[in-house]
Amino acid sequence: MRVSVIGCGYLGAVHAAAMAELGHEVVGVDVDPNKIAMLSLGKAPFFEPGLPEILATGMASGRLSFTSDISQVRGAQIHFVAVGTPQKKGENAADLTYVNAAIEALLPHLGDGELVAGKSTVPVGTAQRLAGRIADAGSGAMLAWNPEFLREGFAVQDTISPDRLVYGVALGESGAAAKALLDEVYATALSKDTPLVVTDYATAELVKVSANAFLATKISFINAMAEIAESTGADVTQLADAIGFDARIGRRFLNAGVGFGGGCLPKDIRAFTARAEELGRGESVAFLKEVDSINLRRRQKVVDLVVESFGGSVFGKRVAVLGLAFKPDSDDIRDSPALDVAVQLKGLGAEVLAIDPEANSNAARTHPQLNYVSDVDDALTGAEAVVVVTEWKQFRELDPVRVAGLVSRPFVIDGRNCLDPVAWRAAGWTYKGLGRP
């Protein structure tokens with residue numbers, strides 16, 4: 001099929017390259033000329049495992065191209081809208097400026113029977129409004145809402161082999177025609193019996209935000225248990241193991257630590273809360289405010305542990321912060337707990353040496369006040385406290401005996417509970433986990 005992807009940020013670039021990898025003819029469109037220039041050279045503008053390879057394959061095959069000229073989408077059978085929906089400044093609500101602009105830019109180039117498929121995470125009710133706008137334009141094009149469920153670090157895999165597909169379509173013939181087009185574009189996944197849910201617009205919109213709300217709630221639940229464990233001497237890691245054996249609960253997303261971040265969970269639960277309040281149903285998701293609050297408290301807990309270890313002040317103290325991205329296998333620093341901890345410590349007067357295998361440059365652009373190093377030994381040398389806040393493999397596998405010889409004070413805070421406390425303590429370290437004795 002001929003496919004267009006509007007918006008070539010994280011979601012759009014991955015989706016465009018993956019669609020080409022599946023054999024479709026794809027044109028990606030973005031208003032950022034620098035991003036288009038990089039992608040046109042087959043270079044990923046962000047770190048995502050597997051993306052450079054499928055970008056190179058797609059460009060070499062001639063099936064994949066990128067442009068800033070929206071008119072190049074003409075003739076595509078499906079137009080995927082994959083632009084960002086950031087949090088409004090000073091508000092919790094989602095900013096739909098880019099979604100609205102993408103639809104308006106598409107309208108003059110849509111043809112009869114073509115499908116606009118929204119992938120952006122939007123407040124419930126958005127798709128119905130946009131469907132009306134497309135209908136009023138008289139092109140004969142249709143709208144579907146087709147949410148994504150990507151995990152950063154696994155986005156290529158999750159696009160090519162998704163764990164489920166959701167179509168939000170209109171009733172009647174229009175919906176049937178939209179489903180047929182989506183079935184064709186996702187034929188490979190459907191041939192592998194990927195679960196498919198075909199539903200209405202509102203349900204499709206809610207699937208995405210409710211999934212993120214549930215995951216955020218699960219993470220904050222175990223972090224709330226970590227707070228109790230810290231007051232009682234219990235071990236939240238063993239607690240998570242024990243309750244995780246219950247098939248109704250499961251072990252995934254029950255890792256206590258410094259909390260969640262990134263470009264989805266924090267802003268999506270806030271936008272969900274704001275939309276529910278607009279609908280007069282704020283009480284239904286009022287608990288999400290506490291989910292958010294617990295999450296932010298865990299960041300502060302890590303900072304407090306560092307400060308307490310120095311008797312109440314970190315001024316002039318040399319602190320190594322290992323990790324800046326919100327999760328490993330990513331260079332994404334949006335709402336990153338790790339970066340937040342580093343910035344807070346710097347603000348309290350600490351000499352912060354920060355390192356991340358992929359996120360240093362992104363962090364330096366937004367927070368140049370930190371000292372960035374590219375070698376973990378440089379960060380650790382002379383450090384009076386070590387804080388692990390992103391669980392990259394190279395941090396998890398540090399040899400506590402070897403690195404004890406680099407620091408001036410063997411004190412470590414395991415903000416992800418990813419280190420072996422027995423091994424670190426045996427090597428002479430004072431070890432502090434979150435919710436662990």
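How much space lies in the second largest pocket? About 180 Å³ lies there, in a structure that is a predicted model. The briefing below starts from that pocket, moves to the enclosed cavities and to helix H11, which contributes to the lining of the pocket and of the largest cavity, and ends with the nonpolar cores.

**The second largest pocket**

- The lining of the second largest pocket is made up of 13 residues, and those that lie nearest its centre are Ala94, Leu96, Pro123, Arg275 and Glu278.
- Helix H11, which covers residues 265–278, gives the most to this lining, with four residues.
- Sorted by class, the lining of this pocket holds seven nonpolar, four charged and two polar residues.

**The cavities**

- Two cavities of 30 Å³ or more are present in the structure; the largest cavity has a volume of about 90 Å³, and the second largest cavity has a volume of about 40 Å³.
- The largest cavity is lined by 13 residues, with Val122, Pro123, Val209, Ala271 and Phe272 lying nearest its centre.
- Helix H9 (201–232) and H11 each supply at least two residues of the lining of the largest cavity, and the largest share, five residues, comes from H11.
- By class, the lining of the largest cavity comprises eight nonpolar, three charged and two polar residues.
- Among the residues that line the second largest cavity are Lys119, Ser120, Thr121 and Val122, together with Trp145, Glu148 and Lys208, and the helix that gives the most to this lining is H9, with three residues.
- The lining of the second largest cavity divides into four nonpolar, four charged and two polar residues.

**Helix H11 and Asp268**

- The end C-alpha atoms of H11 are 20 Å apart, which agrees with the 20 Å that its 14 residues should span at 1.5 Å a residue.
- Because 11 of the 14 residues of H11 are buried, this helix is largely enclosed by the rest of the structure.
- The buried residues of H11 include Leu265, Ile269, Ala271 and Phe272, and also the charged residues Lys267, Asp268 and Arg270; the buried residues of H11 pack against H9 and helix H12 (287–309).
- Asp268 has its place in helix H11, and it counts as buried because its relative accessibility is 2%, where the cut-off is under 20%.
- When its neighbours within four places in sequence are left aside, Asp268 is in contact with Thr121 and Asn212; Thr121 also belongs to the lining of the second largest cavity.
- After H11 comes Gly280, whose phi is positive, near 80°.

**The nonpolar cores**

- In soluble globular proteins, nonpolar side chains tend to be buried together.
- The largest nonpolar core has 43 residues, of which Leu51, Ile78, Phe80, Leu182 and Val185 touch the most other members, and helix H1 (residues 10–21) gives the most to this core, with nine residues.
- A second, separate core of 30 residues includes Ala338, Ala342, Val389 and Leu434.
- Leu51, one of the residues named for the largest nonpolar core, is in contact with Ala13, Val14, Ala17, Ala44, Phe46 and Val156, once its neighbours within four places in sequence are left aside.

Terms used: Residues numbered from 1 in each chain as written. Predicted model: local features only at pLDDT ≥ 70, side-chain atom pairs only at ≥ 80, totals over all residues. Heavy atoms only, no water. 1 Å grid on protein atoms, 1.4 Å probe; cavity = no way out; pocket = protein on both sides within 12 Å on 5 of 7 lines; lining within 4 Å. Points joined across faces, edges and corners; volume = space filled by probe spheres on them. Core = buried A, V, L, I, M, F, W, Y, C linked by side-chain atoms within 4.5 Å. Buried < 20%, exposed > 50% of the residue type's maximum accessible area, 1.4 Å probe, protein only. Contact = heavy atoms within 4.5 Å. Expected span 1.5 Å × (residues − 1).
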